[in-house]
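New to this one? Here is a quick tour, going from the whole chain down to a couple of residues inside it.

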Amino acid sequence: MTTVTIGWKEYPVRFSIGVLAAMNDKYGANGQRKIFDAVEKGDVRPLIWLTKKMIETGVKYRALMGEEAPEAPDEEALGMLIGPAEMPEIMQAITAAMTEGNKTTVESAAKDKKK
C-alpha cells in the first residue's frame, strides 16, 4: 500500500471505488479530472480534500485487514501540516495510490493435469 509522510507521521493512502464515488459526488462526473485540473490552476482545496479522503480510506482498509494505522487527520490539520514545498510529494503519493488502485489483480489456480 502506498504511504505518505505528513508532519512526521506516515499514513496509508488508498484509492478505491468508494473514493472514486466520493470524488464524483463532490465534484460531479469526471471528478478525478476536475480535481487535478483545479490543482493545476492553483486551487489546492481539492488536493487537501482528496488527501484526507484517501488517507481515511487507507486507515479504514488497514483496520479491516487487522493492521494498525494512525488516526486520519482532518482537512484543517492537513491544511496546516502540508506546506507548498511538500505538495509535489503529496501529489506523487496520490498518483501512486491511484495507479496501485487501478491495477488488475488476477489469481489463478493451477489445473490438475490427468494423464
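In this predicted model, the chain has 5 helices and 2 strands. Starting at the N terminus, the elements come in the order β-β-α-α-α-α-α. The chain is 115 residues long, and 33% of them are buried. If you look at contacts with a separation of 6 or more, 64% of them link residues 24 or more positions apart. As for the outside, the chain exposes about 7900 Å², with 51% of that coming from carbon and sulfur atoms.

Now for the inside. The largest nonpolar core has 26 residues, and Leu50 and Met54 are the ones that touch the most other members. Elements giving two or more residues to this core include strands S1 (2-6) and S2 (9-13), along with helices H1 (17-27), H2 (31-40) and H5 (87-101). Helix H3 is on that list too, and H3 is the top contributor to the core, with 7 residues.

Thr51 sits in helix H3, which covers residues 45-64. Is Thr51 buried or exposed? Its relative accessibility is 3%, so Thr51 counts as buried, the cut-off being under 20%. A polar atom of the Thr51 side chain lies 2.7 Å from the backbone oxygen of Leu47.

Here is what Leu50 and Thr51 touch, leaving aside neighbours within four places in sequence:

| Residue | In contact with |
|---|---|
| Leu50 | Val19, Met23, Ile35, Ile94 and Met98 |
| Thr51 | Ile6, Leu78, Ile82, Ile90 and Ile94 |

Ile94 turns up in both rows.

Definitions and conventions
Residues numbered from 1 in each chain as written. Predicted model: local features only at pLDDT ≥ 70, side-chain atom pairs only at ≥ 80, totals over all residues. Heavy atoms only, no water. Helix = DSSP H or I, 4+ residues; strand = E, 2+ residues; numbered from the N terminus. Buried < 20%, exposed > 50% of the residue type's maximum accessible area, 1.4 Å probe, protein only. Polar contact = N/O pair within 3.5 Å; in protein donor to acceptor, adjacent residues only side chain to side chain. Contact = heavy atoms within 4.5 Å. Core = buried A, V, L, I, M, F, W, Y, C linked by side-chain atoms within 4.5 Å. Areas by Shrake-Rupley, 256 points an atom, 1.4 Å probe, with all protein chains shown as cover.
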